[in-house]
Amino acid sequence: MKDRYIAFLAIAGIVCLLSYTSNDPTGYTVEELRTLYSSGDQSKWPAPHLFDEAKDGFQDIGPLSKMKFPEDNPYSEDKMELGKMLFFDPRLSKSGQISCANCHNPEIGWSDGSRVSFGHDRQTGTRNAPTLVNIGYAKTFFWDGRSATLEEQVKAPIENPVEMNLHMSMATKNIKKIKDYKPFFIKAFGNGEVTEEKIAKAVATFERSLISPPSKFDKFVSGKKDALTDSEINGLHLFRTKANCINCHNTPYFSDQKFHNLGLTYYGRKYEDLGRYIVTKKNEDVGKFKTPTLREVSENKPYMHNGLFPELANIVMMYNAGMGRETPKEDQINDPKFPHKSGMVEKLNLTDDEVFDIVAFLKTLNSYKYKMRPPELPKS
C-alpha cells in the first residue's frame, strides 16, 4: 500500500510539472514564454508593464554591454594591477588596519555581509555597503548619488571619519613613503610620482574591471532555451509585468539609476535616513535612494540602504504588501519635508508561488562567486 502511495505521488508530481503554466493574466503558457524570451530578439518579448514615471529613458533588461572607460582614465593592465594593490592596502587608512576590501570583500560578494559596515575605531555607518561587481556601469555613486564619477567616489571612504579616517593627502604621503610602489606607478602612468589623482584613477580602473561573466539569465535570453527552469521563466515574466520590478530595475545593469522613495525613510523614527535630500536639499528628495543593481543580488544580502532585510524573499514579500506606509503624525501634517512614497510602489497581490518564482528568477542573475586572492603588497 505504501509503495502504491509513493508511486501515486511521483506520478502526480510529474503531471504537475508537465502542466506548469504561467500565472500571467494575458494567458501565455510557460512554453510560449520560454520561446519568446529565449528568441534572442527583444522585439518578440511580451510588453513590460510600465508606469508613466518609468517610461522616460527606459531600456529593457538584457546582457551587459562592453565596459566603457573614461577618456581621461583609459584602461591598462598595469594601472588595473596597481589599483588592485591599493584597493587591498590598509595603509590608506589612519589606523593602518582598514582597506577598501574591508567593506568590499571578494569572499562575500564584494560587500561585507553586514547590515552596516564597521570602520575606524569600530564605528558603524548608517548604510549598507553595496557590491562593487559591475560598478563601472553605474552613473552616480553611493545610495544618495553624491559622487558623479568612480574616481571621485574612491576618495570619499578614505577621508570619511567613520570609515578609513585619513585625508587623501596623508594617504598619498603614506604610499609615497613605500619605495617599492614606485615601479608600479611608472608602469601604470609613465613616471613614479605618487599623487591623489593617480591613486584614485588606479583604484577606479581596478573596480571597473570587476565585471560579471554571463549569467544563466544572459545565456537564456541570448538563445540557450533550456538555461532556465519553468519557475525561473515565470519569475522573469512576472518581474517584467505583474510584479512591476522592471519599472526601477531595468537596463542590462538591472537599475534605472534613478532615485525613488519606497516608504522606508523612517522619518522621525529610529533608522531615519533622508536619502537623496542630504545631497540636493530638495524636499521632494527626502527618502529617495538610488536603485541598486540586481546582478549578483543573492550573493549580496542583507538588502536595502539600511540592510534591514536579510533575505530576497523578505524583499519580494514587502513589495507584495506595498512596502512601508508613510503616514504623518499630527505634528508632521504640515511638514514640507515629510516624505512621499513613489506611486509605482503598490500592493501587488502576488501568490506565494509567484513570490517563489520571482526569487528563483533573481538567483539566475548570479554568474559565480567572483572571488579574488589579495595581491602581495609592496613592503617598504
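Start by selecting Cys100, Cys103, His104 and His120: the unreviewed UniProt entry annotates these residues as "binding site". Keep in mind that you're looking at a predicted model.

**Stop one: His104.** Zoom in on His104, and you'll be in the loop between α5 and α6. Is His104 buried or exposed? With a relative accessibility of 13%, His104 falls under the 20% cut-off, so it counts as buried. Now show what surrounds it: leaving out residues up to four places away in sequence, His104 touches Phe87, Trp110, Ser111, Ala129, Pro130 and Leu132. Look at Trp110 in particular, where the backbone oxygen is reached by the side chain of His104 at 3.1 Å.

**Stop two: His120.** The loop between α5 and α6 also holds His120. His120 counts as buried because its relative accessibility is 10%. For the neighbours, again skipping residues up to four places away in sequence, select Lys94, Ser95, Ile98, Pro161, Val162, Glu163 and Asn165, which His120 touches.

**Stop three: the cores.** Go back to Trp110 and add Leu86, Phe87 and Ile175: these four have the most contacts inside the largest nonpolar core, a set of 40 residues. To see which helices feed this core, colour α4 (77-87), α5 (100-103), α6 (150-159), α7 (168-176), α8 (182-189) and α9 (196-208), the elements that each give two or more residues. Which one gives the most? That's α9, with 6 residues.

**Last stop.** Apart from this core lies another one, of 39 residues. To find it, select Phe239, Leu294, Phe309 and Leu362, which are among its members.

How values were computed
Residues are numbered from 1 along each chain as its sequence is written. This is a predicted model: local features need pLDDT of at least 70, side-chain atom pairs count only at pLDDT 80 or more; totals for chains, interfaces and linings use all residues. Side-chain values use heavy atoms; hydrogens and water are left out. A nonpolar core is a set of buried Ala, Val, Leu, Ile, Met, Phe, Trp, Tyr and Cys residues joined through side-chain atoms within 4.5 Å. Buried means under 20% relative accessible area, exposed over 50%, partly exposed in between (1.4 Å probe, protein chains only). Helices (H or I, at least four residues) and strands (E, at least two) are DSSP runs, numbered from the N terminus. UniProt positions are given in the numbering used here, feature names are shortened, and annotations may be inferred rather than shown by experiment. Contact means heavy atoms within 4.5 Å. A polar contact is a pair of N or O atoms within 3.5 Å; within protein, one must be able to donate a hydrogen and the other to accept it, and residues adjacent in sequence count only if both atoms are side-chain atoms.
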